[in-house]
Amino acid sequence: MRILILGGTAFVGRAVVEDALRGGADVTLFGRGRTGADLFPGVPRRIGDRDSGDYSALRDGSWDAVVDVSGYLPRQVGQAMDALGDRIGRYVFVSSHAVYVREGLRPGSDEDTPRREPIRDAVELTEDTYGPSKVACEDDVIARYGSRATFVRPGQVAGLHDPNDRLTYWVRRAARGGRIALPGRPEQPVQIIDARDLGHLIVRLIADDRPGAFNAVGPAEPTTMAGVIQTCAEAAGSQCEIVPVPAELAPPLFPLVRPESMWPTLQRSAARARAAGMPATPLAVTVADVLAWDRERGEPPLSRGFTPADEAELLGDRD
């Protein structure tokens with residue numbers, strides 16, 4: 001099985017590559033070559049730039065499938081399809097739950113949920129343009145490849161090598177123990193999928209030559225913010241107390257925390273993806289692995305969440 005991955009050295013793409021190689025696939029990477037140069041020795045690399053539209057490295061070769069983990073704008077996806085033409089079998093586009101409308105959702109919504117109106121001329125990705133741009137990308141892929149198109153729509157992805165610190169923040173914070181500021185409500189539902197489960201699903205869909213759309217969410221058992229924090233504390237052997245604080249006191253993009261109006265988007269059905277072979281790594285396993293990985297890399301500064309000093313001031317815990 002020959003797989004071309006557009007991206008593949010950061011987070012989700014890395015998980016796809018690792019799973020594909022374990023299964024004996026013949027993998028080729030396409031990207032700028034600026035990150036992860038030490039990863040996957042022996043795996044062929046085609047150097048190009050999606051931002052500038054440089055796909056000249058793909059003018060020859062053929063693959064059973066392409067996995068597009070780095071397409072966000074219709075222009076990027078269209079240029080990739082123009083470069084590849086019919087020299088690929090299946091086009092697997094890693095989309096997002098942001099393609100779905102948010103109004104009128106109920107827990108258990110599935111892949112038949114109406115999507116948002118597409119946007120084709122976005123210059124930058126924002127809260128208002130990200131989802132609609134992904135919708136336009138999906139439409140273009142299916143217009144080009146029809147039944148050879150597959151869409152994987154992840155929720156919040158977490159795990160090893162996460163550059164967004166979604167789960168890493170809570171793993172590290174719970175390991176310190178004590179009073180933990182939560183700028184939200186403990187009962188908020190949480191759906192996070194281990195990147196390794198997402199990677200395996202994508203490879204399985206290629207192997208089975210499955211068309212259609214698949215919600216990639218987890219964990220298998222429903223959980224809440226309180227449940228995530230408690231699982232993190234148990235993995236670290238620490239004791240903690242959750243202290244809800246006003247959401248407006250939190251810095252932007254606080255990890256995993258969402259307003260109540262978005263809670264229905266955190267309770268989607270994964271039944272179709274499970275039936276297609278998506279694994280269900282227990283949250284406790286994901287948390288323990290992230291804890292070990294974060295400590296091994298030396299716990300560098302995080303991009304999101306409270307700093308220890310800001311949290312202590314907020315909670316009145318300064319000496």
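Which residues in α6 meet α8? In this predicted model, V228, T231, C232, A235 and A236 form the α6 side of the contact. The α8 side consists of L283, A284, V287, A288, L291 and R295. By class, the α6 contact with α8 holds nine nonpolar residues, one polar and one charged. Helix α6 covers residues 225–236, and helix α8 covers residues 283–296. Their axes lie 9 Å apart and make an angle of about 55°. Angles from 35 to 65 degrees fall in the oblique class, so α6 is oblique to α8. The crossing of this pair is right-handed.

The main sheet is described next. Seven strands make up an open sheet, in the order β3-β2-β1-β4-β5-β6-β11. The pairing is parallel. The edges are taken by β3 and β11, the latter at residues 212–216. Each edge strand has a single partner, so one side of each is left without a neighbour in the sheet. On average, neighbouring strands of this sheet are turned by 20° against each other, direction ignored.

Individual pairings can be placed within that order. Strand β1 spans residues 2–6 and strand β2 spans residues 26–31. Five bridges join β1 to β2, and the two run parallel. Within this pair, L4 has T28 of β2 as its bridge partner. On β2, three bridges lead to strand β3, residues 45–47, again in parallel. There, G31 stands opposite I47 of β3. Strand β4 (residues 63–68) is joined to strand β5 (residues 88–94) by five bridges. The β4 and β5 strands run parallel. V67 is bridged to V92 in β5.

Helix α5 packs on the sheet. The strands touched by α5 are β1, β4, β5, β6 and β11. Strand β6 comprises residues 149–154, and the direction of α5 makes about 165° with that of β6.

Helix α1 links the sheet description to the helix packing. A right-handed β-α-β unit is made by β1, α1 and β2. Helix α1 covers residues 12–22, and helix α5 covers residues 195–207. The axes of α1 and α5 come within 8 Å and cross at roughly 60°. The two helices are therefore oblique to each other. α1 passes α5 in a right-handed crossing. On α1, the contact residues are V12, A15, V16, D19 and A20. On α5, they are A195, R196, L198, G199, H200, I202 and V203. By class, the contact of α1 with α5 has eight nonpolar, two polar and two charged residues.

A further helix pair is α2 with α3. Helix α2 spans residues 74–84 and helix α3 spans residues 130–145. Their axes are 8 Å apart, at an angle of about 20°. Angles under 35 degrees count as roughly parallel, so α2 is roughly parallel to α3. The crossing of α2 and α3 is right-handed. From α2, the contact draws on P74, V77, G78, M81, D82 and L84. From α3, it draws on S133, A136, C137, D140, V141, R144 and Y145. By class, the contact of α2 with α3 has eight nonpolar, two polar and three charged residues.

Several loop positions also call for description. G184 is found in the loop between β8 (178–182) and β9 (189–190). Leaving aside neighbours within four places in sequence, G184 is in contact with P244, V245 and V257. The C-alpha atoms of G184 and R87 are separated by 49 Å. Along the chain, these two residues are 97 residues apart.

P219 lies in the loop between β11 and β12, the latter at residues 223–224. The peptide bond from G218 to P219 is cis. Its omega is near -5°. H161 is in the loop between β7 (156–158) and α4 (168–176). H161 has a positive phi of about 70°, although H161 is not a glycine.

Definitions and conventions: Residues are numbered from 1 along each chain as its sequence is written. This is a predicted model: local features need pLDDT of at least 70, side-chain atom pairs count only at pLDDT 80 or more; totals for chains, interfaces and linings use all residues. Side-chain values use heavy atoms; hydrogens and water are left out. Axes are lines fitted to C-alpha atoms, for helices over the stretch in contact, and angles run from 0 to 180 degrees between N-to-C directions. Helices (H or I, at least four residues) and strands (E, at least two) are DSSP runs, numbered from the N terminus. Angles under 35 degrees count as roughly parallel, over 145 as roughly antiparallel, 65 to 115 as roughly perpendicular and the rest as oblique. A crossing is left-handed if the near helix is turned anticlockwise from the far one by less than a right angle, and right-handed if clockwise. Contact means heavy atoms within 4.5 Å. Ala, Val, Leu, Ile, Met, Phe, Trp, Tyr, Cys and Pro count as nonpolar, Asp, Glu, Lys and Arg as charged, and the others, Gly among them, as polar. Two strands pair if DSSP finds at least two bridges between them. A crossover is right-handed if, with the strands pointing away from the viewer, the path from the first strand over the helix to the second runs clockwise.
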